[in-house]
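Please read this briefing alongside the sequence and the model. It begins with the ligand and its surroundings and then turns to the chain.

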Amino acid sequence: MCGIVGYNGKEKKSKEILIEGLKKLEYRGYDSAGIALKENNKITITKAKGKIKNLEEKLNENTTTLGIGHTRWATHGEPNEINSHPHQVGNITIVHNGIIENYKELKKELIEKKYEFKSETDTEVACALIDYYYNLELDIKKALAKFIDKVKGAYALGILVKNDDKLYSIRKDCPLVIGQGKTGNLIASDILAISNNAEKICYLEENTIAEITDKEVKLYNKNLEEIKPIFKEIPQGEYTTDKCGYEHYMLKEIHEQPKVFKNTTDKYVQNEIESLKKEMPDFKNYNKIHIVACGSAYHTGLVGKNLIEEYANIPVEVEIASEYRYKKNFYDENTLLIVVSQSGETADTLAALRKAKNDSIDTLAIVNVKNSTIAREAKYVLTTEAGPEIAVATTKAYSAQVATFGLIALNMALEKNIIKKEELTQILKEIKELPIQIENTINNCNYKEIANSIYERDDIFFIGRGIDYALCMEGSLKLKEISYIHSQAYAAGELKHGTISLVENNTPVIGIITEQNLKDKTISNIEEVKSRGAKTIIITNDNNIKNYDYITYLPKVHKILQPLLTVLPLQLISYEVARLRNCDIDKPKNLAKSVTVE
Ligand code: AGP
């Protein structure tokens, strides 16, 4: 994934701007970091293993007007200083986000041309290839045009060239934004990294070469024809990117959910049915829905499937994007493909979207990062109003996506006259009241005592039926990704077909029971594990359920809204367990917030 940033300015402050940008990009990877500062044709490279603060400790007061920086999520070669960026070969110094798929063949060809390599990275091979073409053409733009034709894979590059005071950049599949600021021009993987130093931004399109001086930005297509850059004001949001006094971004973002739910649903319920219809695509044409995404976004699709099938009576298939993009998809002109993504940059989800588009299938994207690649390429877009989500483990964006699926199911049910006016009015009333219930549930949840009783365990199970099983999937992932405890979500009725053999004395089993019509069935499954000594933790909206080790009672609301309350104790328990295990909650090991490689 990695994050890249670059600055070419009138003022000597590249080090400060690069470090500030890298700190904002650290959610994209934190295996190592490095910067290259250029002055009077001298390029000084500083790298460090681990977090940005390790790099800062190695830097002296020297700063320049031109530089590039990188924070790494290792794909090729272990996290160490040699493999960290920037990489320099001959006249060329680069930082890279993405994966060069044909780097092995390229490396072989370059070794035959007497190039030697210090690192195990695909990036150093890319750097050498650019140097090779540059020596051939003595023109960096011609060299980059050749590079674009030769290389397979995904990349966003920041490039410095000896004897040249310009900053260059190219991209394919990986995100890159160019910023125009008072003191200079910038590049970055994400607006957040440069929003303090740029007033206007422009998205670098695929296979486009950017040539950036401290005064202007020029763009060229790969035939080196000049293209006019379209700059626009940086969108100002109401959310801040600081912790507002919370110990971790994850806890802050959990507490932002009442506001996020209101902001995400407001535009659809302003004036009742009208806005619900107006703000959504016309779903009448579709008799089949495919939902495709990764990780937690995929889990929101499981909730979406349950609600759309129940309320709109349309068959829904939910698929993991990395599988969907390489399999037969059995869709046709009456199928709608819905992709879900917080970042809007997840490589597998983007590829699934592009595949369906190529097959002329209508696409709807539910995204949180407006102007992201997925948002820009989907036919229809529904943006969630969660604001910047910094913690790697998603919470508020997950809830905003679930809320949006609830409204899609409602809209479809309306279109098909399946839902009666009274029920709709009741739901719209509950939507207005839900922010309070979310707040109360967060503030009154007994998650600390539950976390205290399970944080030393090595295996934890989540069981539920129907929509509760979909919530179990998210609860289990949340716990795994930030506390490193192995956990598994299971359809409650499936446990006895094998996995129950793992349940022994005190094995924590978290049972979710909010589906009334499935309550008794789920209770009998919980009784099965209880009789084998499991520690039973129940999350339910039924106050009659009693006699388990721990019970978290939730307000009972309409089924379309219940998941937005059920997920809260799952998020809080995971957070507290990770805190008790002293885990790096906002930046779990081996993870990154936006997965821009396959
Ligand atoms: C969730 O906490 C993880 N960060 C991860 O599973 C995430 O949901 C997945 O990578 C998809 O990301 P996206 O929503 O940005 O596409």
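Fifteen residues surround the ligand, and Ser341, Gln342, Ser343, Thr346 and Glu481 come nearest among the 15; a residue is near a molecule if one of its heavy atoms lies within 4 Å of it. This is a predicted model, in which local features need pLDDT of at least 70 and side-chain atom pairs count only at pLDDT 80 or more, while totals for chains, interfaces and linings use all residues. Residues are numbered from 1 along each chain as its sequence is written, and side-chain values use heavy atoms, with hydrogens and water left out.

**The ligand site**

- The shell around the ligand has six nonpolar, seven polar and two charged residues; Ala, Val, Leu, Ile, Met, Phe, Trp, Tyr, Cys and Pro count as nonpolar, Asp, Glu, Lys and Arg as charged, and the others, Gly among them, as polar.
- Helix H10 (295-312) and helix H17 (467-483) each contribute at least two residues to this shell.
- The ligand sits in the second largest pocket.
- A pocket is an open set of points on a 1 Å grid over the protein atoms alone, with protein on both sides within 12 Å along at least five of seven lines; a molecule sits in it if more than half of its atoms lie within 2 Å of its grid points.

**Polar atoms close to the ligand**

- An N or O atom in the side chain of Ser343 is 2.7 Å from an oxygen atom of the ligand.
- A polar backbone atom of Val392 is 2.8 Å from a nitrogen atom of the ligand.
- For the side chain of Lys478, an N or O atom is 3.0 Å from an oxygen atom of the ligand.

**The chain**

- The chain has 19 helices and 25 strands, which are DSSP runs (helices H or I, at least four residues; strands E, at least two) numbered from the N terminus.
- Along its principal axes, the C-alpha trace spans about 75 × 50 × 45 Å.

**Backbone details**

- The peptide bond from His85 to Pro86 is cis, with omega near 5°.
- Pro86 is found in the loop between strand S4 (66-72) and strand S5 (87-89).
- Asp173, a residue other than glycine, has a positive phi near 75°.

Terms used: Polar contact = N/O pair within 3.5 Å; in protein donor to acceptor, adjacent residues only side chain to side chain. 1 Å grid on protein atoms, 1.4 Å probe; cavity = no way out; pocket = protein on both sides within 12 Å on 5 of 7 lines; lining within 4 Å.
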